[in-house]
Amino acid sequence: MNFDESLQQYTYEYEGVIFVWDEEPDCGFMDKVQLLAKNYRKNINRIINFMLADLKEMYGDVSEEDVKNKLGKPIIDYNQGTVSYCEQILDDWHLFEFKFLDDQFETLECFSVNG
């Protein structure tokens, strides 16, 4: 666990997924991190399909595999219920984000492209 001065958040990376908190999490945070990382990976195809129509509208004929390879590391903010992609390489300037309503990533909403 590190405090990132530039983000003003606590950060922790686990198996290619970055987690962020505004306040230092309690000592039991690893259980939640492990669960969310596992469920994120398990549902990556569902997540990509959730975003795909909007991404095709912006970038043309991109495939599920293109998106999977170009998203970069996900950043999960559990307290806000969001997943962000700041390192995506579909372009150089947009940030992708969506809300998740459960720890299984079965209910996703509000995909947005900012930048």
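This passage walks through the strands, the nonpolar core, the salt bridges and the cysteines of the structure shown above, which is a predicted model.

A good place to start is the N-terminal end, with its strands. Strand E1 (residues 2–4) runs antiparallel to E2, and 3 bridges join the two. Within this pairing, Phe 3 stands opposite Tyr 10 of E2. The two strands make a hairpin with 4 residues between them, and in the turn Gln 8 takes a positive phi of about 60°. E2, which spans residues 9–14, also pairs with E3, again in an antiparallel arrangement, here through 5 bridges. In this pairing Tyr 14 faces Val 17 of E3. The hairpin of E2 and E3 has 2 residues between the strands. Glu 15 lies in that loop, and its phi is near 50°, a positive value in a residue other than glycine.

Moving inward, the nonpolar core comes next. In soluble globular proteins, nonpolar side chains tend to be buried together. Here the largest nonpolar core holds 28 residues, and the members that touch the most others are Phe 19, Tyr 40, Met 51, Ile 76, Tyr 85, Phe 98 and Phe 105. Two or more residues each come from E3, H1, helix H2 (44–59), strand E5 (82–85), E6 and E7. Of these elements, H2 contributes the most, with 6 residues. Tyr 40 gives a closer view of how the core is put together. Apart from neighbours within four places in sequence, Tyr 40 is in contact with Val 17, Ile 47, Pro 74, Ile 76, Val 83, Tyr 85 and Phe 105. Three of the residues named here, Ile 76, Tyr 85 and Phe 105, also appear among the core members that touch the most others.

Charged side chains add another set of links. Side chains of opposite charge can pair when their charged atoms come close. How many salt bridges does a search of the whole structure find? The search finds 3.

One of them joins Lys 73 to Glu 13, with the closest N and O atoms 2.8 Å apart. This pair connects distant parts of the chain, since Lys 73 sits in the loop between helix H3 (64–70) and strand E4 (75–77) while Glu 13 belongs to strand E2, 60 residues away. Both partners are partly exposed: Lys 73 has a relative accessibility of 32%, and Glu 13 has one of 42%.

Another salt bridge returns to the turn described above, where the side chain of Glu 15 meets that of Arg 41 at 2.7 Å, N to O. Glu 15, in the loop between E2 and strand E3 (17–21), is thereby linked to helix H1 (residues 29–42), which holds Arg 41; the two residues are 26 apart in the chain. Arg 41 counts as partly exposed, at 36% relative accessibility.

Helix H1 takes part in a further salt bridge, between Lys 32 and Asp 103, at 2.8 Å from N to O. Lys 32 lies in helix H1 and Asp 103 in the loop between strand E6 (95–100) and strand E7 (108–114), so this pair ties together parts that are 71 residues apart in sequence. Are the two partners buried or exposed? Lys 32 is partly exposed, with a relative accessibility of 27%. Asp 103, by contrast, is buried because its relative accessible area is 17%, which falls under the 20% limit for a buried residue. Leaving aside neighbours within four places in sequence, the surroundings of Asp 103 consist of contacts with Lys 32, Leu 35, Leu 36, Asn 39 and Tyr 78.

The cysteines complete the picture. A disulfide is a covalent bond between the sulfur atoms of two cysteines. The count for this model comes to 0 disulfides. Why is Cys 86 not bonded to Cys 110? The cysteine sulfur closest to that of Cys 86 is the one in Cys 110, and at 18 Å the separation is too far for a bond. Cys 110 is likewise in no disulfide, with the sulfur of Cys 86 as its nearest cysteine sulfur. Cys 110 has its place in strand E7. The backbone there has a feature to look out for: phi of Cys 110 is near 55°, a positive value in a residue other than glycine.

Notes
Residues are numbered from 1 along each chain as its sequence is written. This is a predicted model: local features need pLDDT of at least 70, side-chain atom pairs count only at pLDDT 80 or more; totals for chains, interfaces and linings use all residues. Side-chain values use heavy atoms; hydrogens and water are left out. A salt bridge is a side-chain nitrogen of Lys or Arg within 4 Å of a carboxyl oxygen of Asp or Glu. Buried means under 20% relative accessible area, exposed over 50%, partly exposed in between (1.4 Å probe, protein chains only). A disulfide is a pair of cysteine sulfur atoms within 2.5 Å. Two strands pair if DSSP finds at least two bridges between them. A nonpolar core is a set of buried Ala, Val, Leu, Ile, Met, Phe, Trp, Tyr and Cys residues joined through side-chain atoms within 4.5 Å. Contact means heavy atoms within 4.5 Å.
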